[in-house]
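The following exercises concern charged contacts, a helix and a surface patch. Please work through each task before reading its solution.

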Amino acid sequence: MNNVDALRISQQRDDVCEWIVDRFRLLIQEERVDDALAFADEWFEWMDPENYINEETLFYAEDELQELYESLQ
């Protein structure tokens, strides 16, 4: 993985985290507490700053994975 890919993936992860927090806050603002709690339960690891920092993000290059699969056939 090169630096450009690392930065792109990091930005995507940041974007997902921002969306999660924004969505949770919107549900609370709309007084949809049950929905907000269900949402938070699903995304808890991403909402907790202590866990988020330590959470691994796994990714793969689809073309490389396909090539590996075909080479093992």
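**Exercise 1.** Determine which salt bridge the side chain of R32 forms with D35, and which network includes both residues.

*Solution.* In this predicted model, the side chains of R32 and D35 meet in a salt bridge with an N to O distance of 2.9 Å. Next, R32 also meets E30 in a salt bridge, at 3.1 Å from N to O. Taken together, E30, R32 and D35 are linked in a network of salt bridges. Finally, consider accessibility: R32 has a relative accessible area of 33%, E30 has 41% and D35 has 38%. Buried means under 20% and exposed over 50%, so R32 is partly exposed.

**Exercise 2.** Identify the salt-bridge partner of R8 and state how the pair is placed in helix α1.

*Solution.* R8 forms a salt bridge with D5, with the closest N and O atoms 3.6 Å apart. The two residues are separated by about one helical turn, because they lie 3 residues apart in helix α1. An α-helix has 3.6 residues a turn, so residues three or four places apart point the same way. R8 is partly exposed at 43%, and D5 is partly exposed at 26%.

**Exercise 3.** State which residues form the nonpolar surface patch, and locate L65.

*Solution.* The patch consists of Y60, L65, L68 and L72, with about 470 Å² of accessible area together. L65 is found in helix α4, residues 62-71. Its relative accessible area is 44%, and L65 is therefore partly exposed.

How values were computed: Residues numbered from 1 in each chain as written. Predicted model: local features only at pLDDT ≥ 70, side-chain atom pairs only at ≥ 80, totals over all residues. Heavy atoms only, no water. Patch = residues over 30% accessible without salt bridge, like charges linked within 9 Å, V, L, I, M, F, W, Y side chains within 5 Å. Areas by Shrake-Rupley, 256 points an atom, 1.4 Å probe, with all protein chains shown as cover. Salt bridge = Lys/Arg side-chain N within 4 Å of Asp/Glu carboxyl O. Helix = DSSP H or I, 4+ residues; strand = E, 2+ residues; numbered from the N terminus. Buried < 20%, exposed > 50% of the residue type's maximum accessible area, 1.4 Å probe, protein only.
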